[in-house]
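Got your viewer open? Let's take a walk through this protein, one selection at a time.

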Amino acid sequence: MAFLFRLDLQECLQTLAVLQWIPVYIFLGAIPVLLIPYFLVFTKLWILSVLTLAWLAYDWNTHSQGGRRSAWVRNWTLWKYFQNYFPIKLVKTHDLPPKHNYIIANHPHGIVSYGVFINFATEATGFARIFPAITPSIGTLEWIFWIPIVRDYVMSMGVCPVSGLALKYLLTQKDSGNAVVIVVGGAAEALLCRPGVSTIYLKERKGFVKLALKTGAYLVPSYSFGENEVHNQETFPEGTWIRFFQKTFQATFKKILGLNFCTFHGRGLTRDSWGFLPFNRPITTVVGEPLPIPKIKRPNKKTVDKYHALYISALRKLFDQHKVQYGLPETQELTII
(Lines give C-alpha, C1' and ligand atoms only; values in the text may rest on other atoms or scores of the structure.)
Protein backbone atom coordinates (compact mmCIF):
# COMPACT_ATOMS: atom_id res chain seq x y z
CA MET A 1 0.00 0.00 0.00
CA ALA A 2 2.83 2.42 0.87
CA PHE A 3 4.50 1.58 -2.47
CA LEU A 4 1.27 2.36 -4.37
CA PHE A 5 0.91 5.64 -2.48
CA ARG A 6 4.47 6.66 -3.40
CA LEU A 7 3.82 5.67 -7.01
CA ASP A 8 0.65 7.78 -7.16
CA LEU A 9 2.41 10.68 -5.45
CA GLN A 10 5.26 10.56 -7.97
CA GLU A 11 2.82 10.56 -10.87
CA CYS A 12 0.88 13.43 -9.31
CA LEU A 13 4.05 15.51 -8.88
CA GLN A 14 5.10 14.79 -12.48
CA THR A 15 1.70 15.90 -13.76
CA LEU A 16 1.80 19.09 -11.69
CA ALA A 17 5.32 19.81 -13.00
CA VAL A 18 4.06 19.67 -16.59
CA LEU A 19 0.98 21.74 -15.77
CA GLN A 20 2.84 24.44 -13.83
CA TRP A 21 3.99 26.46 -16.84
CA ILE A 22 0.40 27.47 -17.68
CA PRO A 23 -0.49 29.20 -14.36
CA VAL A 24 3.10 30.40 -13.85
CA TYR A 25 3.31 32.24 -17.16
CA ILE A 26 -0.24 33.57 -16.89
CA PHE A 27 0.36 34.73 -13.31
CA LEU A 28 3.80 36.20 -13.97
CA GLY A 29 2.56 37.88 -17.13
CA ALA A 30 -0.69 39.18 -15.64
CA ILE A 31 0.94 40.85 -12.63
CA PRO A 32 2.91 43.48 -14.56
CA VAL A 33 0.50 43.82 -17.50
CA LEU A 34 -2.50 44.51 -15.24
CA LEU A 35 -1.01 46.06 -12.13
CA ILE A 36 1.49 48.50 -13.68
CA PRO A 37 -1.18 50.61 -15.48
CA TYR A 38 -3.60 50.21 -12.55
CA PHE A 39 -1.10 51.45 -9.97
CA LEU A 40 0.05 54.20 -12.32
CA VAL A 41 -3.41 55.69 -12.92
CA PHE A 42 -5.71 54.72 -10.06
CA THR A 43 -3.67 54.43 -6.86
CA LYS A 44 -1.11 56.23 -4.76
CA LEU A 45 1.35 53.42 -5.49
CA TRP A 46 2.18 54.90 -8.90
CA ILE A 47 5.83 55.09 -7.85
CA LEU A 48 6.01 51.25 -8.00
CA SER A 49 4.94 51.33 -11.63
CA VAL A 50 7.42 54.08 -12.43
CA LEU A 51 10.27 52.17 -10.77
CA THR A 52 9.32 48.96 -12.60
CA LEU A 53 9.23 50.73 -15.97
CA ALA A 54 12.49 52.54 -15.19
CA TRP A 55 14.19 49.23 -14.40
CA LEU A 56 12.79 47.70 -17.59
CA ALA A 57 14.19 50.60 -19.62
CA TYR A 58 17.57 50.37 -17.88
CA ASP A 59 17.74 46.59 -18.33
CA TRP A 60 16.23 46.56 -21.83
CA ASN A 61 19.23 45.18 -23.71
CA THR A 62 20.21 42.47 -21.23
CA HIS A 63 18.22 39.72 -22.95
CA SER A 64 20.06 40.47 -26.22
CA GLN A 65 23.47 40.55 -24.55
CA GLY A 66 23.82 37.13 -22.99
CA GLY A 67 20.94 37.37 -20.52
CA ARG A 68 21.13 36.65 -16.82
CA ARG A 69 21.05 32.89 -16.22
CA SER A 70 20.77 31.15 -12.86
CA ALA A 71 22.29 27.74 -12.17
CA TRP A 72 19.92 27.46 -9.21
CA VAL A 73 16.80 27.82 -11.40
CA ARG A 74 18.16 25.45 -14.04
CA ASN A 75 18.69 22.80 -11.33
CA TRP A 76 15.24 22.99 -9.70
CA THR A 77 13.86 19.59 -8.68
CA LEU A 78 10.68 20.59 -10.51
CA TRP A 79 12.39 19.96 -13.84
CA LYS A 80 13.25 16.39 -12.86
CA TYR A 81 9.58 15.66 -12.28
CA PHE A 82 8.81 17.32 -15.63
CA GLN A 83 11.44 15.14 -17.34
CA ASN A 84 10.24 11.91 -15.75
CA TYR A 85 6.62 12.52 -16.80
CA PHE A 86 7.41 11.47 -20.40
CA PRO A 87 10.38 10.63 -19.82
CA ILE A 88 12.78 12.92 -21.74
CA LYS A 89 16.36 11.93 -22.54
CA LEU A 90 19.43 13.68 -24.03
CA VAL A 91 21.80 11.57 -26.14
CA LYS A 92 25.29 12.64 -27.24
CA THR A 93 26.81 11.08 -30.34
CA HIS A 94 29.94 13.27 -30.52
CA ASP A 95 31.80 15.62 -28.22
CA LEU A 96 31.42 19.39 -28.54
CA PRO A 97 34.92 20.74 -27.79
CA PRO A 98 34.70 24.02 -25.84
CA LYS A 99 37.24 25.71 -28.13
CA HIS A 100 34.41 26.36 -30.62
CA ASN A 101 30.96 27.96 -30.57
CA TYR A 102 27.95 26.06 -31.90
CA ILE A 103 24.51 26.44 -33.40
CA ILE A 104 22.48 23.40 -32.37
CA ALA A 105 19.60 23.21 -34.83
CA ASN A 106 16.70 21.14 -33.53
CA HIS A 107 13.81 19.38 -35.27
CA PRO A 108 10.86 18.95 -35.13
CA HIS A 109 9.11 21.78 -33.29
CA GLY A 110 6.19 19.67 -32.08
CA ILE A 111 3.32 21.42 -30.31
CA VAL A 112 5.33 22.77 -27.36
CA SER A 113 8.97 21.62 -27.89
CA TYR A 114 9.13 19.80 -24.57
CA GLY A 115 12.38 18.03 -25.45
CA VAL A 116 14.27 21.23 -26.30
CA PHE A 117 13.05 22.96 -23.16
CA ILE A 118 13.98 20.23 -20.70
CA ASN A 119 17.26 19.25 -22.38
CA PHE A 120 18.67 22.72 -22.97
CA ALA A 121 16.89 25.17 -20.62
CA THR A 122 17.26 22.98 -17.53
CA GLU A 123 19.75 20.51 -16.10
CA ALA A 124 17.14 17.76 -15.66
CA THR A 125 18.89 15.53 -18.22
CA GLY A 126 22.39 16.65 -17.25
CA PHE A 127 23.45 18.87 -20.14
CA ALA A 128 26.44 20.27 -18.21
CA ARG A 129 27.62 16.75 -17.43
CA ILE A 130 27.10 15.41 -20.96
CA PHE A 131 28.60 18.46 -22.68
CA PRO A 132 31.08 19.89 -20.15
CA ALA A 133 32.21 23.51 -20.58
CA ILE A 134 29.41 24.23 -23.08
CA THR A 135 26.82 26.92 -22.21
CA PRO A 136 23.47 26.44 -24.01
CA SER A 137 21.04 29.27 -24.84
CA ILE A 138 17.63 28.59 -26.41
CA GLY A 139 16.21 31.09 -28.89
CA THR A 140 12.54 32.02 -28.58
CA LEU A 141 10.17 34.85 -29.55
CA GLU A 142 11.34 38.40 -28.86
CA TRP A 143 8.06 39.72 -27.40
CA ILE A 144 8.33 37.44 -24.36
CA PHE A 145 11.17 39.68 -23.16
CA TRP A 146 8.96 42.76 -23.23
CA ILE A 147 7.02 41.54 -20.18
CA PRO A 148 8.50 42.44 -16.76
CA ILE A 149 9.08 39.47 -14.42
CA VAL A 150 8.46 36.96 -17.22
CA ARG A 151 11.63 38.12 -18.98
CA ASP A 152 13.70 37.56 -15.83
CA TYR A 153 12.20 34.12 -15.32
CA VAL A 154 13.00 32.89 -18.85
CA MET A 155 16.44 34.54 -18.85
CA SER A 156 17.28 32.62 -15.67
CA MET A 157 16.99 29.39 -17.66
CA GLY A 158 19.28 30.61 -20.43
CA VAL A 159 16.55 31.55 -22.89
CA CYS A 160 17.24 34.40 -25.32
CA PRO A 161 15.46 36.02 -28.30
CA VAL A 162 15.81 34.16 -31.57
CA SER A 163 17.05 37.36 -33.21
CA GLY A 164 20.21 37.98 -35.19
CA LEU A 165 21.39 40.54 -32.63
CA ALA A 166 21.05 38.25 -29.59
CA LEU A 167 22.38 35.11 -31.27
CA LYS A 168 25.32 36.88 -32.86
CA TYR A 169 26.27 38.39 -29.49
CA LEU A 170 26.40 34.94 -27.88
CA LEU A 171 28.48 33.55 -30.75
CA THR A 172 30.98 36.42 -31.05
CA GLN A 173 31.12 38.40 -27.80
CA LYS A 174 31.37 35.69 -25.14
CA ASP A 175 34.51 33.78 -26.12
CA SER A 176 34.10 30.08 -26.96
CA GLY A 177 32.10 27.20 -25.52
CA ASN A 178 28.70 28.71 -26.31
CA ALA A 179 25.86 26.89 -28.04
CA VAL A 180 22.72 28.61 -29.26
CA VAL A 181 19.78 26.25 -29.78
CA ILE A 182 17.37 27.07 -32.60
CA VAL A 183 14.18 25.15 -33.42
CA VAL A 184 14.54 25.83 -37.13
CA GLY A 185 10.98 25.02 -38.20
CA GLY A 186 9.58 27.58 -35.77
CA ALA A 187 5.96 27.98 -34.82
CA ALA A 188 4.80 27.23 -38.38
CA GLU A 189 6.12 23.69 -38.03
CA ALA A 190 3.78 23.05 -35.10
CA LEU A 191 0.93 22.69 -37.62
CA LEU A 192 2.74 19.69 -39.17
CA CYS A 193 2.99 17.89 -35.83
CA ARG A 194 1.17 14.55 -35.75
CA PRO A 195 1.98 11.10 -34.34
CA GLY A 196 3.78 8.95 -36.89
CA VAL A 197 4.75 11.95 -39.04
CA SER A 198 8.32 13.16 -39.59
CA THR A 199 7.86 16.30 -41.67
CA ILE A 200 9.89 19.47 -41.07
CA TYR A 201 10.30 22.91 -42.58
CA LEU A 202 13.91 23.24 -43.71
CA LYS A 203 14.25 23.77 -47.48
CA GLU A 204 13.87 27.54 -47.26
CA ARG A 205 15.11 27.94 -43.69
CA LYS A 206 18.67 29.13 -44.31
CA GLY A 207 19.09 31.98 -41.83
CA PHE A 208 20.77 29.73 -39.25
CA VAL A 209 23.32 28.61 -41.86
CA LYS A 210 24.06 32.21 -42.82
CA LEU A 211 24.52 33.07 -39.12
CA ALA A 212 26.93 30.14 -38.74
CA LEU A 213 29.00 31.37 -41.68
CA LYS A 214 29.10 34.96 -40.39
CA THR A 215 30.23 33.87 -36.93
CA GLY A 216 32.23 30.72 -37.72
CA ALA A 217 30.04 28.71 -35.34
CA TYR A 218 29.89 24.97 -36.05
CA LEU A 219 26.48 23.60 -37.07
CA VAL A 220 25.13 20.70 -35.01
CA PRO A 221 22.04 18.74 -36.14
CA SER A 222 19.72 17.41 -33.46
CA TYR A 223 16.42 15.57 -33.62
CA SER A 224 13.87 15.01 -30.85
CA PHE A 225 12.39 11.58 -31.49
CA GLY A 226 8.93 11.31 -29.93
CA GLU A 227 8.21 15.06 -29.91
CA ASN A 228 5.41 14.59 -32.44
CA GLU A 229 3.93 11.67 -30.53
CA VAL A 230 2.83 13.40 -27.31
CA HIS A 231 -0.24 15.19 -28.69
CA ASN A 232 -2.90 14.44 -31.28
CA GLN A 233 -3.68 17.36 -33.59
CA GLU A 234 -6.96 18.00 -35.39
CA THR A 235 -7.19 19.55 -38.85
CA PHE A 236 -10.83 19.80 -39.84
CA PRO A 237 -12.00 18.99 -43.40
CA GLU A 238 -11.60 21.74 -46.01
CA GLY A 239 -14.84 23.44 -46.98
CA THR A 240 -16.48 23.10 -43.57
CA TRP A 241 -17.40 26.05 -41.38
CA ILE A 242 -15.25 24.75 -38.52
CA ARG A 243 -12.20 24.58 -40.84
CA PHE A 244 -12.87 28.18 -41.92
CA PHE A 245 -13.03 29.24 -38.26
CA GLN A 246 -9.86 27.25 -37.48
CA LYS A 247 -7.87 28.85 -40.32
CA THR A 248 -9.11 32.36 -39.48
CA PHE A 249 -8.24 31.98 -35.81
CA GLN A 250 -4.80 30.56 -36.63
CA ALA A 251 -4.04 33.41 -39.05
CA THR A 252 -5.10 36.04 -36.48
CA PHE A 253 -3.13 34.41 -33.66
CA LYS A 254 -0.06 34.16 -35.88
CA LYS A 255 -0.29 37.84 -36.88
CA ILE A 256 -0.64 39.12 -33.31
CA LEU A 257 1.73 36.86 -31.35
CA GLY A 258 3.80 35.11 -34.00
CA LEU A 259 2.46 31.74 -32.81
CA ASN A 260 0.43 29.11 -34.60
CA PHE A 261 -2.63 28.04 -32.66
CA CYS A 262 -2.91 24.26 -32.89
CA THR A 263 -6.13 22.34 -32.26
CA PHE A 264 -4.73 19.47 -30.24
CA HIS A 265 -5.50 17.15 -27.37
CA GLY A 266 -3.78 14.57 -25.23
CA ARG A 267 -4.61 12.90 -21.93
CA GLY A 268 -6.40 14.24 -18.89
CA LEU A 269 -5.42 14.10 -15.23
CA THR A 270 -5.65 10.31 -15.43
CA ARG A 271 -3.86 8.31 -18.11
CA ASP A 272 -7.03 6.98 -19.75
CA SER A 273 -8.92 10.27 -19.81
CA TRP A 274 -9.19 12.98 -22.49
CA GLY A 275 -7.56 16.35 -21.96
CA PHE A 276 -4.73 18.68 -22.96
CA LEU A 277 -1.85 17.18 -21.04
CA PRO A 278 0.76 15.47 -23.23
CA PHE A 279 0.69 11.70 -23.42
CA ASN A 280 3.32 9.85 -21.35
CA ARG A 281 5.50 8.94 -24.30
CA PRO A 282 9.31 9.11 -24.37
CA ILE A 283 11.11 12.00 -26.07
CA THR A 284 14.77 11.49 -26.93
CA THR A 285 16.84 14.39 -28.26
CA VAL A 286 19.85 13.06 -30.18
CA VAL A 287 22.64 15.59 -30.74
CA GLY A 288 24.73 14.83 -33.81
CA GLU A 289 28.22 15.49 -35.06
CA PRO A 290 29.31 19.15 -35.36
CA LEU A 291 29.77 20.35 -38.94
CA PRO A 292 32.80 22.68 -39.25
CA ILE A 293 31.88 26.02 -40.81
CA PRO A 294 34.31 28.66 -42.12
CA LYS A 295 33.94 32.24 -40.94
CA ILE A 296 32.90 34.44 -43.87
CA LYS A 297 31.90 38.04 -43.19
CA ARG A 298 29.55 38.30 -46.18
CA PRO A 299 28.67 34.80 -47.42
CA ASN A 300 27.06 34.72 -50.85
CA LYS A 301 23.99 32.67 -51.78
CA LYS A 302 26.05 29.89 -53.35
CA THR A 303 28.07 29.40 -50.17
CA VAL A 304 24.96 29.45 -47.97
CA ASP A 305 23.26 26.89 -50.23
CA LYS A 306 26.35 24.66 -50.13
CA TYR A 307 26.47 24.45 -46.34
CA HIS A 308 22.70 24.23 -46.11
CA ALA A 309 22.86 21.12 -48.31
CA LEU A 310 25.65 19.67 -46.16
CA TYR A 311 23.54 20.30 -43.06
CA ILE A 312 20.50 18.55 -44.58
CA SER A 313 22.68 15.54 -45.44
CA ALA A 314 24.02 15.39 -41.87
CA LEU A 315 20.51 15.64 -40.43
CA ARG A 316 19.16 12.87 -42.65
CA LYS A 317 22.09 10.67 -41.63
CA LEU A 318 21.40 11.32 -37.93
CA PHE A 319 17.69 10.59 -38.39
CA ASP A 320 18.26 7.35 -40.28
CA GLN A 321 20.88 6.08 -37.82
CA HIS A 322 18.64 6.49 -34.76
CA LYS A 323 15.01 6.28 -35.94
CA VAL A 324 14.50 2.55 -35.26
CA GLN A 325 16.16 2.71 -31.84
CA TYR A 326 13.77 5.46 -30.76
CA GLY A 327 10.50 4.05 -31.95
CA LEU A 328 10.14 4.74 -35.68
CA PRO A 329 9.84 2.04 -38.35
CA GLU A 330 12.78 1.29 -40.64
CA THR A 331 10.72 2.52 -43.61
CA GLN A 332 10.05 5.93 -42.04
CA GLU A 333 11.61 8.77 -44.01
CA LEU A 334 12.35 12.34 -42.96
CA THR A 335 10.26 14.61 -45.18
CA ILE A 336 11.74 18.07 -45.70
CA ILE A 337 9.58 20.84 -47.15
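## Start with the empty space

The largest cavity has a volume of about 50 Å³. Keep in mind as you look around that this is a predicted model. Rolling a probe the size of a water molecule over the atoms is how leftover empty space shows up.

To find the walls of that largest cavity, select P108, V197, S198, the run Y223, S224, F225, G226, E227, N228 and E229, and finally L328. Try colouring them by class: you should get 5 nonpolar, 4 polar and 2 charged residues.

How many cavities of 30 Å³ or more does the structure hold? There are 2. The second largest has a volume of about 30 Å³. Clear your selection and pick G66, G67, R68 and R69, then S137 and M155, then G158, V159 and C160; these residues line the second largest cavity. Colour this lining by class too, and it splits into 3 nonpolar, 4 polar and 2 charged residues.

## On to the cores

In soluble globular proteins, nonpolar side chains tend to be buried together. Here, the largest nonpolar core has 42 residues. Select F82, F86, F120 and F131, which have the most contacts inside this core. Helix α6, residues 114-121, supplies the largest share of the core, with 5 residues.

There is another stop of this kind: a second, separate core of 35 residues, with L211, L213, A217 and L334 among them.

Now zoom in on F131. Which residues does F131 touch, leaving aside its neighbours within four places in sequence? F131 is in contact with L90, K92, H94, L96 and V287.

## Along helix α6

Next, select helix α6 by itself. Is this helix mostly covered or mostly open? Mostly covered: 7 of its 8 residues are buried. Click through Y114, G115 and V116, then I118, N119, F120 and A121, to visit the buried ones. You've met F120 already, as one of the residues with the most contacts inside the largest core.

## Last stop: two cysteines

Select C12 and C193. Is each one buried, exposed or partly exposed? C12 is partly exposed, because its relative accessible area is 40%, a value between the 20% and 50% cut-offs. C193 counts as buried, because its relative accessibility is 1%, and buried means under 20%.

While you're looking at cysteines, recall that a disulfide is a covalent bond between the sulfur atoms of two of them. How many disulfides does the structure hold? It holds 0.

Terms used: Residues numbered from 1 in each chain as written. Predicted model: local features only at pLDDT ≥ 70, side-chain atom pairs only at ≥ 80, totals over all residues. Heavy atoms only, no water. Core = buried A, V, L, I, M, F, W, Y, C linked by side-chain atoms within 4.5 Å. Buried < 20%, exposed > 50% of the residue type's maximum accessible area, 1.4 Å probe, protein only. Helix = DSSP H or I, 4+ residues; strand = E, 2+ residues; numbered from the N terminus. Contact = heavy atoms within 4.5 Å. Disulfide = S-S within 2.5 Å. 1 Å grid on protein atoms, 1.4 Å probe; cavity = no way out; pocket = protein on both sides within 12 Å on 5 of 7 lines; lining within 4 Å. Points joined across faces, edges and corners; volume = space filled by probe spheres on them. Nonpolar A, V, L, I, M, F, W, Y, C, P; charged D, E, K, R; others polar.
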